[in-house]
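Subject: Structure handover

Hello,

Here is the structure we discussed, passed on for your work. My notes on what turned up follow below it.

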Amino acid sequence: MTDPSQTPSFAFPRTARLTCKGDFDFVFAKASRVADRYFTVLSRHQPQVDDARVGLVVSKKAAKRAVDRNRLKRLVRESFRQHRSSIGVRDFVVLPRPAAKQASNNELANSLANLWRRAMTTRTC
RNA sequence: GAAGUCGGCCAGACAGUCGCCGCGCGAUCGGAAACGGUUGCGGGGAGGAAAGUCCGGGCUCCGCAAGGGAUGAGUGCCAGGUAACACCUGGGGGGCGUGAGCCUACGGAAAGUGCAACAGAGAGCAGACCGCCACAUGCUGGCAACAGCAUGCGGUAAGGGUGAAAGGGUGCGGUAAGAGCGCACCGCGCAGAUGGCAACAUACUGCGGCUAGGUAAACCCCACUCGGAGCAAGACCAAAUAGGGGAGCGUACGGCGGGCCCUUACGCCGCUCCCGGGUAGGUUGCUUGAGGCCUGCGGUGACGCAUGCCCUAGAGGAAUGACUGUCCACGACAGAACCCGGCUUAUCGGCCGACUUCGCCU
């Protein structure tokens, strides 16, 4: 229907995810950090890939029940999927905080939209 | 109609948009192929508990001759079902409920050891505190028989009192008062008979005057069962780096070694190739199974047998989602991680069937 070069892609292939331990270690080693009361977002510029990638770390401390952990992961992935094309080429690691499990989907989506924007403008030293 | 009991079922619905993970078919690119990448279409994608990890198995590796014993752990009325069980079904005993029904670790206390706070006179070969009764002595009253009181010595487990529990119960006889002391009935124990596969039952027969209290989720005894660890099990492929083994080449130069020195020879250090172990990583195990559904047959039932049909998640930092709209009874507990059979716990509501009690109508 519309020109694919103009519509941003909302796809979320496996290549856009941090899959192995090394990827996570790379971000943790030297990350810039933004946070609010629901999430902490670590990010680092990754020169070896072309696209933004994301990884999730949801501890049992943040959400005790498996159902809550799944919900948080899904919401983060969904938000990342929608913002992926506009937040630069970086690796992100998102850590939900304990307050997140009580918040509504809408609140969390707004929170993440802000965090992506802030993470993009910070510079990695 | 109201209250209740038991069993079974459902787990918001529909539409659109954007995504994620397998599968099938096709297109295309790479490749000899196997297969892999990209892409289109079709179809599938959490639970009744997926949970707790409390039991029972399958599967895998380790150990192990068969078998027996010890230790430890578990199970505990009987019969059946099952791959197996601590589960299920049926039956028996006991308890609760007007009832439908529900609950029940329910073997052994006449093998042994232990325990029982407080209270109480006494708590296990019982026990006289009050009481009751006889006798003796004294005092008082009385003509006397005798009565009352006190003390002493006995008898007595019927009554009071204590306790969770006081050593069968009721009645009659009996007695100084009492007592299974005697009798009847009930209870209890033992033996037999009868019924039942059995647990067990009996309004049956005989014996025993009652001895043999409770506690075994106290030790214990008896019977039966049990090897250990778990999918991060295990199997396969396999970089980089370091190291191991073998073969060949070079021994040109140099160094090291057998320790008094020298020479020759030999070995090592070098290079090339091969081999096995193994880390990261990848593949597999991974979903077709004690499988589900329908019908029929056997069985009181759990369940079994037969025919037919169906294939119904398989991720891997971990998919099964998000948003919008409409509707309603306004949506609980909660998320697969090798797989099954159970148990237990959590849970908004709703539907269906069978049954019970009460009320009303005919």
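Arg 53 is buried in this predicted model: its relative accessible area is 10%, and the cut-off for buried is under 20%. The residue belongs to strand E3. Its side chain has a polar contact, at 2.9 Å, with the side chain of Asp 91. Leaving aside residues up to four places away in sequence, Arg 53 touches ten residues by name: Thr 15, Ala 16, Arg 17, Leu 18, Asp 23, Gln 46, Phe 80, Arg 90, Asp 91 and Phe 92.

Phe 80, one of those contacts, is also among the buried residues of helix H2, together with Asp 68, Arg 69, Leu 72, Leu 75, Val 76 and Ser 79. These cover an arc of only 130° around the axis, so they sit on the same side of H2. Val 67 and Arg 74, on the other side, are exposed. What do the buried residues of H2 pack against? They pack against strands E2 (39–45), E3 (53–56) and E4 (90–96), and against helix H3 (105–121). H2 itself spans residues 66–83, 18 residues in total. From first C-alpha to last it reaches 26 Å, close to the 26 Å expected at 1.5 Å a residue.

Strand E2 also pairs with E1 (residues 32–35): the two run antiparallel, joined by 4 bridges. They form a hairpin with 3 residues between them, and Arg 33 stands opposite Leu 42 in E2. In a regular strand, side chains alternate between the two faces of the sheet. In E1, Ser 32 and Val 34 make up the covered face, while Arg 33 and Ala 35 are on the uncovered one.

Regards

Key
Residues are numbered from 1 along each chain as its sequence is written. Chains are lettered from A and ligands numbered from 1 in the order in which they are written. This is a predicted model: local features need pLDDT of at least 70, side-chain atom pairs count only at pLDDT 80 or more; totals for chains, interfaces and linings use all residues. Side-chain values use heavy atoms; hydrogens and water are left out. The expected span of a helix is 1.5 Å times one less than its number of residues. Buried means under 20% relative accessible area, exposed over 50%, partly exposed in between (1.4 Å probe, protein chains only). The arc is that of the directions from the helix axis to the C-beta atoms. Contact means heavy atoms within 4.5 Å. Two strands pair if DSSP finds at least two bridges between them. A polar contact is a pair of N or O atoms within 3.5 Å; within protein, one must be able to donate a hydrogen and the other to accept it, and residues adjacent in sequence count only if both atoms are side-chain atoms.
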